[in-house]
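This report describes the fold of one chain and then turns to a few serine positions in it. The sequence and coordinates are shown first.

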Amino acid sequence: MSVSVVIGYILMFVGVFFFLVSAIGLLRLPDLYTRMQAATKSTTLGAISSIIGIGLMREDILIKSIILAVFILITAPISGSALIRAAYKAKSPLTNKTVVDKFREKEGE
């Protein structure tokens with residue numbers, strides 16, 4: 001077993017850990033906005049780690065996996081932010097624990 005395969009396995013386990021944290025965040029957090037934050041950040045890191053790990057295990061697809069990881073790194077946070085903004089404009093309720101609403105302050109509503 002080569003070093004790149006071992007590193008690939010380690011990255012895949014790191015990716016699975018982030019997916020697990022994301023799933024726990026989806027179950028435990030109180031409202032849509034915090035759940036989206038957990039899902040976006042953890043899933044992005046989990047997907048990137050897993051894809052790079054697979055690329056290291058199969059070196060014939062390493063370049064493709066790096067390109068895919070960069071694409072996910074760029075698009076996932078943007079799409080998460082767009083979804084959260086759309087939910088806010090659709091008046092999805094905040095949790096009663098919310099203290100500061102920066103978006104409302106920014107919009108002047």
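The text below covers the overall form of the chain, one of its helices, and three serines.

**Overall form**

The model is a predicted one. The chain contains four helices and zero strands, and its elements follow the order α-α-α-α from the N terminus. Measured against a compact globule of 109 residues, for which a radius of gyration near 13 Å would apply, the chain has 18 Å. The C-alpha trace spans about 60 × 25 × 15 Å along its principal axes.

Of the 109 residues, 31% count as buried. The accessible surface of the chain is about 7600 Å², and carbon and sulfur atoms hold 71% of that surface. Among contacts with a separation of 6 or more, 65% come from residues 24 or more positions apart.

**Helix α1**

Helix α1 covers residues 3–28, which is 26 residues. From its first C-alpha to its last, α1 reaches 37 Å, close to the 38 Å expected at 1.5 Å a residue. Its buried residues are Ser 4, Val 5, Gly 8, Gly 15, Ser 22 and Gly 25. What do the buried residues of α1 pack against? They pack against α2.

**Three serines of helix α2**

Helix α2 takes in residues 32–57, Ser 50 being one of them. Ser 42 also lies in α2, as does Ser 49. The table gives the relative accessible area of each.

| Residue | Relative accessible area |
|---|---|
| Ser 42 | 11% |
| Ser 49 | 12% |
| Ser 50 | 14% |

Ser 42 counts as buried because its 11% falls under the 20% cut-off. Ser 49, at 12%, is likewise buried, and so is Ser 50 at 14%.

The contacts listed next leave aside neighbours within four places in sequence. For Ser 42 they are Phe 18, Val 21 and Ser 22; Ser 22 is also one of the buried residues of α1. Ser 49 is in contact with Leu 11, Met 12, Val 14 and Gly 15. Ser 50 has contacts with Leu 11, Met 12, Gly 15, Val 16 and Phe 19. Gly 15, which appears in the list for Ser 49 and in that for Ser 50, is a buried residue of α1.

Two further distances concern these positions. The side chain of Ser 50 reaches the backbone oxygen of Gly 46 at 2.9 Å. Ser 49 and Ala 69 are 20 residues apart in sequence, with their C-alpha atoms 8.3 Å apart in space.

How values were computed. Residues are numbered from 1 along each chain as its sequence is written. This is a predicted model: local features need pLDDT of at least 70, side-chain atom pairs count only at pLDDT 80 or more; totals for chains, interfaces and linings use all residues. Side-chain values use heavy atoms; hydrogens and water are left out. Helices (H or I, at least four residues) and strands (E, at least two) are DSSP runs, numbered from the N terminus. Buried means under 20% relative accessible area, exposed over 50%, partly exposed in between (1.4 Å probe, protein chains only). A polar contact is a pair of N or O atoms within 3.5 Å; within protein, one must be able to donate a hydrogen and the other to accept it, and residues adjacent in sequence count only if both atoms are side-chain atoms. Contact means heavy atoms within 4.5 Å. The expected span of a helix is 1.5 Å times one less than its number of residues. The radius of gyration is taken over C-alpha atoms; the globule rule is 2.2 Å times the number of residues to the power 0.38. Accessible areas come from the Shrake-Rupley method with a 1.4 Å probe; for residues, only the protein chains shown count as cover.
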